[in-house]
Amino acid sequence: ERKAVNKYYPPDWEPKHGSVNKYHGQHPLRERARKIKQGIMIIRFELPWNMYCDCGRHLAKARRYNVEKSQWGNYFSTKIWQFKFRCHFCSNEIILRTDPENRDYAIVKGGKRKNMEWNPENEQMVDINPIKKSKAEEIREDPFKMLEHKNKDKEVGKASIPHLQELQDFQERRYDDYGLLSKARKNFREEKKKKISRVALSNGMGLDLNLLASNADDLKQAESVLLKRKSVSVKEHTRNMKRKLKTESLFGGKNDMYRKKIGTKHRVVRGRPRSNLKSRVLAASKSRTMI
């Protein structure tokens, strides 16, 4: 077998005999290598294009045949291979060869190629939508334009030399690794301290939020809100709350307004019976003394 597994080793075989194929005196490719001594290998080949046999039958592209492959010659250092097979209609011998010069195949014997190539130049056709070339392609193809473009580039380069020199001098004056690094580290430390203070303030207020840095506009808006609110002492606030509880009804509604209006009258009416009772008691005590 040609596979890497399930090989049969006969009982009389020993490792000193080499491989099983060598022991049996046969090639690993079996029937495909029956003409290997003549330099011919039998392979499976597909037709690269449509063609006609000498018998007139059409042989379709990609049809497969068992062909005899052999080396015919060389094109410089590239080998030229020859493929020999027979037509399946008439058993006519057909020979193809590789054509490295034209990067194609060529028919040597037994048939002709079906020409299916189309070239608009041969048909004398006019392209109504010609492809416009870019400016770079035009400059690349035209030597005079290329020379003119190079001269313009040189002029632009000469004109930009003073500006480039000025930039280079400015960079050399500002070039200070230690100063730039120390400044960056200082800014980083200040920003880190501010962040730690904001986190501490957020934790102190019981907020699980990332507070942003304070702003002047935010401070002004907060001050305006605080100034609109009237400042009242604790005692005055307590007195007002007690007065409100005494005057308002437990259930609320219209009785509150009625009680506010007639509250003073009730006090006056309730006071009159007390004064009449006192006068009556005094009059009764005087009449008893007189008797």
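# Reading rings and strands in a predicted model

Analyst: In this predicted model, F45, F83 and Y105 form one aromatic cluster. Residues are numbered from 1 along each chain as its sequence is written, and side-chain values use heavy atoms, without hydrogens or water. Local features need pLDDT of at least 70 and side-chain atom pairs count only at pLDDT 80 or more, whereas totals for chains, interfaces and linings use all residues.

User: How many aromatic pairs does the structure hold, and how are the planes of F45 and F83 arranged?

Analyst: Rings of Phe, Tyr and Trp (its six-membered ring) pair if their centres lie within 6.5 Å, with planes under 30 degrees apart counted as stacked, over 60 as edge-to-face and the rest as tilted. The structure holds six such pairs. The ring centres of F45 and F83 are 4.7 Å apart and their planes meet at 20 degrees, so this pair is stacked.

User: Where along the chain do F45 and F83 lie, and are they buried or exposed?

Analyst: F45 belongs to strand 1 (residues 41-46) and F83 to strand 5 (residues 78-86), so that the pair links parts of the chain 38 residues apart. Strands here are DSSP E runs of at least two residues, and helices H or I runs of at least four, both numbered from the N terminus; the protein chain has eight of each. Both F45 and F83 are buried (under 20% relative accessible area with a 1.4 Å probe, protein chains only; exposed is over 50%, partly exposed in between). Of the 291 residues of the protein chain, 13% count as buried.

User: Which other residue of strand 5 is worth examining, and what does the side chain of Q82 contact?

Analyst: Q82 has its place in strand 5 and is buried, with a relative accessible area of 12%. Its side chain makes a polar contact with the side chain of R97 at 2.9 Å (N or O atoms within 3.5 Å; within protein, one able to donate a hydrogen and the other to accept it, residues adjacent in sequence counting only through side-chain atoms on both sides). Setting aside neighbours within four places in sequence, the residues in contact with Q82 (heavy atoms within 4.5 Å) include E68, K69, W72, I95 and R97.

User: In what order do the strands of the five-stranded sheet run?

Analyst: Strands of a sheet pair through backbone hydrogen bonds, either parallel or antiparallel. Here five strands form an open sheet in the order 1-4-5-6-7, with antiparallel pairing (at least two DSSP bridges between paired strands). Its edges are strand 1 and strand 7 (104-109), each of which pairs on one side only. Strand 6 (residues 93-99) and strand 7 are antiparallel over five bridges; I95 stands opposite K109 in strand 7, while R97, the polar partner of Q82, stands opposite A106 in strand 7. The hairpin of strand 6 and strand 7 has four residues between the strands, and in it R103 takes a positive phi near 55 degrees.

User: Which strands make up the other sheet, the one of three strands?

Analyst: That open sheet has the order 3-2-8, and its pairing is antiparallel. Strand 3 (58-59) and strand 8 (111-113) are at the edges with a single partner strand each, so one side of each has no neighbour in the sheet. Three bridges join strand 2 (residues 51-53) to strand 8, again antiparallel, and M51 stands opposite R113 in strand 8.
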